[in-house]
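Trainee: I would like a close look at a single part of this protein, with its surroundings. Please take one buried position and then place it within the whole chain.

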Amino acid sequence: MTQRKSEHAAERQHAQDPVLVLCGTGRNGSRVVERLHARGHPVRVGSRTGEPAFDWEDPGTWDAALAGVGAVFVVCQPDVGAPGVAAAVRAFGARAAAAGVRRLVLLSARGEELARPTEQAVRDAGTEWTILRTSWFFQNFSEGVLLPSVLAGELPFPAGEVREPFIDADDIAEVAAAALTEEGHHARVHELTGPRLLTFGEAAAEVTAAGGPAVRYVPVTAREYAGELAGQGLPPELVAFLGELFAQLLDGRNASVTDGVQEVLGRPARDVRDAARDAVRRGAWRP
C-alpha cells in the first residue's frame, strides 16, 4: 500500500512538472504550447529567445532548459532525418534522462526512412517515448515552405500526381498534447494523417476555393526543383538532402489514410477544407 501511494504521488508530481516544447515558437511547437496551456499544464518554451534559452546547435543550453521538466516535445531542425540530427537527439536524450525527464514525444515523418535513426535515438534514451509519424502538413501551403509559391500564384513542386493524406497541424498538436500529458502512449508509434487523399494540385485548389490566393500547381522534375532551391541560396548539402527526402516521400508510399487521430482523440481527423477556411480567417494569405 505504501509503495502504491508513493507511485501515485510520483505520478501527481510528474503531472505538474513543466513540459518543454522544443522549437516552441514555430509552426508545430507553438500549437502544442497553446494546447498545453488550454489544459492548464505548465509549459516551458524551448527557443533561442526562451527563458532559459534552448538551441539545438549549442548543447551548453540544454541542461538549464531540461531542469525540472517532466516531458519534452522533440522537434528537430531542419528535419527529423537531416544529417547529424540523430546524433544530436541521442545526446539530448541522454541529458534528458539524466535530468529526470520522464517522457519524450518525437515529431517524426510518415514514410521517411531517413528519420529512423532519430526515432531509434528516442527509443534508446531510457525514458518513456512516443513517436508521432505524420503525413504532409496542409499548413505548408499557408505557413511553411510552399507559402511563397502560393502567394505568387504558381506552385512548382516535384510531386507529380501522387496523392497525399494532408493533415491539419492542429490535429498533430492535440495528439502531441495528449501524448505528453496522458498515460497510455508509452512505446507507441502514432501514424497521423488527414481523412482523404489529394494530389498537390487538388490541395492547391482547396486553398483557392476557401478564399485564398488563386494558385496553380505546376509539376516539375526533382532536378528542376533542386535547381530552384539552389537558386534560393540554400547550401548544397541541404539541397541534396531535400532531393533525397522528397524522392522518398513523393513516391506513393504514403498514399493511404490512417485512423491515428481517431484512435488518440476519439474523433475523425479534420479535413483540409476546414484547415484552408481557418487559414483564410486568420489572414494567412493576406498580402
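Mentor: What follows starts from one helix residue, moves to the loops, and ends with the chain as a whole. The model is a predicted one, and the values below are computed from it.

The residue to begin with is F92, which is part of helix α4. Its relative accessibility is 1%, so F92 counts as buried, the cut-off being under 20%. Leaving out residues up to four places away in sequence, F92 touches L20, L22, F54, W56, W62, L66, V72 and V74. Several of these partners can be placed by the ranges of the elements around them. Strand β1 covers 19–22, and L20 and L22 are among the residues that F92 touches. Strand β3 covers 71–74, and V72 and V74 are also touched by F92. Helix α3 covers 62–66, with W62 and L66 again on the list of partners of F92. A further pair involves A125: F92 and A125 are 33 residues apart in sequence, and their C-alpha atoms are 8.5 Å apart in space.

The loops that border these elements hold some backbone features. The loop between β1 and α2 (27–38) contains C23. C23 is not a glycine, yet its phi is positive, at about 55°. With a relative accessibility of 15%, C23 counts as buried. The loop between β2 (43–46) and α3 contains P52. The peptide bond leading from E51 to P52 is cis, and its omega is near -5°. A second cis peptide bond joins Q77 to P78, with omega near 0°. P78 sits in the loop between β3 and α4 (85–98), and α4 is the helix that holds F92.

Another buried position is D168, in the loop between β7 (163–164) and α7 (169–181). D168 counts as buried because its relative accessibility is 1%. A polar atom of the D168 side chain lies 2.9 Å from the backbone nitrogen of D170. Neighbours within four places in sequence aside, D168 is in contact with Q139, R270 and A275. On the other side of α7, the loop between α7 and β8 (188–192) contains A187. A187 is a residue other than glycine with a positive phi, near 60°. A187 is partly exposed, with a relative accessible area of 40%.

Now the whole chain. The protein has 12 helices and 10 strands. Of its 287 residues, 51% count as buried; F92, C23 and D168 have been described above as buried. Among contacts with a separation of 6 or more, 78% are accounted for by residues 24 or more positions apart. The radius of gyration is 19 Å, which agrees with the value near 19 Å that a compact globule of 287 residues would have. Along the principal axes, the C-alpha trace spans about 65 × 40 × 35 Å. The protein exposes about 12,800 Å², and 51% of that area is supplied by carbon and sulfur atoms. The chain carries 30 positive and 38 negative charges, and the mean positions of the two sets are 4 Å apart.

Notes
Residues numbered from 1 in each chain as written. Predicted model: local features only at pLDDT ≥ 70, side-chain atom pairs only at ≥ 80, totals over all residues. Heavy atoms only, no water. Helix = DSSP H or I, 4+ residues; strand = E, 2+ residues; numbered from the N terminus. Rg over C-alpha atoms; globule rule 2.2 N^0.38 Å. Buried < 20%, exposed > 50% of the residue type's maximum accessible area, 1.4 Å probe, protein only. Contact = heavy atoms within 4.5 Å. Areas by Shrake-Rupley, 256 points an atom, 1.4 Å probe, with all protein chains shown as cover. Lys, Arg positive; Asp, Glu negative; His and termini not counted. Charge placed at Lys NZ, Arg CZ, Asp CG, Glu CD. Polar contact = N/O pair within 3.5 Å; in protein donor to acceptor, adjacent residues only side chain to side chain.
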